[in-house]
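Colleague: I would like to learn how to read a model of this kind feature by feature. Could we take the general idea each time, and then the case at hand?

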Amino acid sequence: MLSTIQNLGIRSEHAYAAGFASIGITFASWLVSLGRTKSKPQADRTGLFTGEWAPTFFALGVALKLEETSGKK
């Protein structure tokens, strides 16, 4: 699976960048939802939905980095 991702040209830096971007998107979506609905619980649910992407991207970045470094030996 990781080799397929690497063959597509995706590197660990891309996954890390996606993780940080998802943190920003989470905060922005929470603010937009809070302003639109005036309901903090709904805004929290909206923010949490995208907030769960960041750990996935960071874990993928670590896995890709391990593959990148093990292939250089």
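Colleague: How many aromatic pairs does a search of the whole structure find?

Modeller: This is a predicted model, and a search of the whole of it finds three aromatic pairs. The general idea is that ring planes over 60 degrees apart count as edge-to-face. Phenylalanine 20 and phenylalanine 58 are one such case, since their planes stand at 75 degrees with the ring centres 5.1 Å apart. Because phenylalanine 20 belongs to helix α2 and phenylalanine 58 to helix α4, this pair ties together parts that are 38 residues apart in sequence.

Colleague: Are the two rings of that pair buried or exposed?

Modeller: Buried means under 20% relative accessible area and exposed means over 50%, with partly exposed in between. Phenylalanine 20, at 56%, therefore counts as exposed, whereas phenylalanine 58, at 23%, is partly exposed. Another edge-to-face pair is formed by phenylalanine 49 and tryptophan 53, with 5.7 Å from centre to centre and 70 degrees between the planes. Here phenylalanine 49 is exposed, with a relative accessibility of 56%, and tryptophan 53, which sits in helix α4 (residues 53-71), is partly exposed at 37%.

Colleague: Which residues form a nonpolar patch on the surface?

Modeller: A residue needs over 30% relative accessible area to enter a patch. Tryptophan 53, at 37%, joins Ile25 and Phe49 in a nonpolar surface patch, and together the three have about 330 Å² of accessible area.

Colleague: What does serine 22 touch, once its neighbours within four places in sequence are left aside?

Modeller: Such a list shows which residues from elsewhere in the chain are in contact with the one chosen. For serine 22, which is placed in helix α2 (residues 12-37), the contacts are Thr50, Trp53, Ala54 and Phe57. Serine 22 counts as buried because its relative accessibility is 2%.

Colleague: Where does serine 12 lie, and which residues does it touch?

Modeller: Serine 12 also has its place in helix α2, and with a relative accessible area of 0% it is buried. Not counting residues up to four places away in sequence, serine 12 touches Gly61, Leu64, Lys65 and Glu68. The last of these can be read by distance as well: the C-alpha atoms of serine 12 and glutamate 68 are separated by 8.1 Å, although the two residues are 56 apart along the chain.

Colleague: What can be said in the same way about isoleucine 5?

Modeller: Isoleucine 5 is found in helix α1 (residues 2-7), and it is buried, with a relative accessible area of 15%. With residues up to four places away set aside, isoleucine 5 touches Ile10, Leu60 and Leu64. From isoleucine 5 to leucine 64 there are 59 residues in sequence and 8.6 Å in space, C-alpha to C-alpha.

Colleague: Which residues does UniProt list for "transmembrane region"?

Modeller: A record of this kind is best set beside the geometry of the model. The UniProt entry, which is unreviewed, lists residues 15-35 under that term. Over residues 15-35 the predicted chain is 100% helix and 0% strand, with the end C-alpha atoms 30 Å apart. Leucine 31, in helix α2, is partly exposed at 41% relative accessibility, and its C-alpha atom is separated by 9.4 Å from that of aspartate 44, which is 13 residues away along the chain.

Terms used. Residues are numbered from 1 along each chain as its sequence is written. This is a predicted model: local features need pLDDT of at least 70, side-chain atom pairs count only at pLDDT 80 or more; totals for chains, interfaces and linings use all residues. Side-chain values use heavy atoms; hydrogens and water are left out. UniProt positions are given in the numbering used here, feature names are shortened, and annotations may be inferred rather than shown by experiment. Helices (H or I, at least four residues) and strands (E, at least two) are DSSP runs, numbered from the N terminus. Patches are made of residues with over 30% relative accessible area and no salt bridge: like charges are joined within 9 Å, nonpolar side chains (Val, Leu, Ile, Met, Phe, Trp, Tyr) within 5 Å. Accessible areas come from the Shrake-Rupley method with a 1.4 Å probe; for residues, only the protein chains shown count as cover. A salt bridge is a side-chain nitrogen of Lys or Arg within 4 Å of a carboxyl oxygen of Asp or Glu. Buried means under 20% relative accessible area, exposed over 50%, partly exposed in between (1.4 Å probe, protein chains only). Contact means heavy atoms within 4.5 Å. Rings of Phe, Tyr and Trp (its six-membered ring) pair if their centres lie within 6.5 Å; planes under 30 degrees apart count as stacked, over 60 as edge-to-face and the rest as tilted.
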